[in-house]
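Hi everyone, thanks for making time this morning. I'd like to walk you through one model, so please have it open and follow along.

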Amino acid sequence: GVAALTLEDTQLPIPFGAAEPRISIAEMTARLRSALAARSDPGLVIVGRTNAPKPGVADDAVARLTAYAATGVDAMMILGVSDADQVVAAAEVIPLPLILGNVPTGDPRLLDLDFLAAHHVRVVLQNQPAFLASVLAQYEVMQHLHAGGDLDTLPHPLAPRTLVDEMLRRPVYDEARRAYLEGESRPAE
């Protein structure tokens, strides 16, 4: 059921004090070739991922992108892009679909869908805004309640139960609960 997976060149775990060190190009290309050889589902998308586009390492970024693309991966995910010129440079060296991660909003071209599409970009991740907004809302609600506020004066509205049920796929959960906890044979497909 997995549609895609990424393999990254970040050395993990990151050594104390290190700024996201990367494994060697040879090790990363071996990992990518291994994943491609092990793929049994032709619909599985294998994505090479790098955080190479950092200031002062343009040659390393080009070398990594070129080598990873040459393995036959289906797409490349690039973290650390700080301006649109880096996207142009990546698109010039690899013809694969690009996924950009943690894209800053300082360069308006990085949010221009026509520009991005023209440079092979198919997905742009913008630092998980929904998650970050929910953390702030949770913090403010808890601060409000801790300070003696009540539910009628919360700083953020509460989601209606129908939306919660939809987002949590309540019917699927209820069916699985009945099947596994209340003795029915199994959930419907």
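I'll go from the overall layout to the interior, then to the salt bridges and one surface patch.

Before anything else, please keep in mind that this is a predicted model.

Let's start with the layout. The chain has 7 helices and 5 strands. If you trace it from the N terminus, the elements come in the order β-α-β-α-β-α-β-α-β-α-α-α. How does the radius of gyration compare with the globule rule? For 189 residues the rule gives 16 Å, while this chain comes out at 22 Å, well over that, so the chain is more spread out than a compact globule. Along the principal axes, the C-alpha atoms fill a box of roughly 55 × 50 × 40 Å.

A few totals go with that picture. Of the 189 residues, 29% count as buried. The chain exposes about 12,100 Å², and 60% of that comes from carbon and sulfur atoms. Looking at contacts between residues at least 6 apart in sequence, 53% of them join residues at least 24 apart.

Now for the interior. As a reminder, in soluble globular proteins nonpolar side chains tend to be buried together. Here, the largest nonpolar core has 27 residues. Which residues have the most contacts inside it? They are Ile 46, Val 73, Met 76, Ile 78, Val 87, Leu 98 and Leu 100. Several elements each supply at least two residues of this core: helices α1 (25-38), α2 (58-70), α3 (84-93) and α4 (113-118), together with strands β3 (75-79) and β4 (98-101). Of these, α1 gives the most, with 4 residues.

Please zoom in on Ile 46 for a moment. Leaving out residues up to four places away in sequence, Ile 46 touches Leu 5, Leu 7, Ala 35, Leu 36, Arg 39, Val 73, Asp 74 and Ala 75. There is also a second, separate core of 5 residues, which includes Val 47, Ala 75, Met 77 and Leu 79.

On to the charged pairs. A search of the whole structure finds 12 salt bridges, and I've picked three to show you.

The first is between Arg 49 and Glu 8, where the closest N and O atoms are 3.8 Å apart. This pair links distant parts of the chain, with Arg 49 in strand β2 (residues 45-50) and Glu 8 in strand β1 (residues 4-8), 41 residues apart. Glu 8 is partly exposed, at 23% relative accessible area.

The second joins Arg 109 to Asp 85, with 3.4 Å between the closest N and O atoms. Again distant parts of the chain are linked: Arg 109 lies in the loop between β4 and α4, Asp 85 lies in helix α3, and they are 24 residues apart. Arg 109 is partly exposed at 33% relative accessibility, and Asp 85 is partly exposed at 49%.

The third pairs Arg 170 with Asp 174, with the closest N and O atoms 3.9 Å apart. How many residues separate them in helix α7? They are 4 residues apart in α7 (residues 170-181), so about one helical turn lies between them. Is Asp 174 buried or exposed? It is buried, with a relative accessible area of 19%, whereas Arg 170 is partly exposed at 31%. Through shared partners, salt bridges join Arg 161, Asp 165, Arg 170, Asp 174 and Arg 177 into one network.

Last stop, the surface. Phe 131, Leu 132 and Val 135 make a nonpolar patch of about 280 Å². To find the patch, look for Phe 131 in helix α5 (residues 129-146).

That's my tour, and thanks for listening.

Methods. Residues numbered from 1 in each chain as written. Predicted model: local features only at pLDDT ≥ 70, side-chain atom pairs only at ≥ 80, totals over all residues. Heavy atoms only, no water. Core = buried A, V, L, I, M, F, W, Y, C linked by side-chain atoms within 4.5 Å. Buried < 20%, exposed > 50% of the residue type's maximum accessible area, 1.4 Å probe, protein only. Contact = heavy atoms within 4.5 Å. Salt bridge = Lys/Arg side-chain N within 4 Å of Asp/Glu carboxyl O. Patch = residues over 30% accessible without salt bridge, like charges linked within 9 Å, V, L, I, M, F, W, Y side chains within 5 Å. Areas by Shrake-Rupley, 256 points an atom, 1.4 Å probe, with all protein chains shown as cover. Rg over C-alpha atoms; globule rule 2.2 N^0.38 Å.
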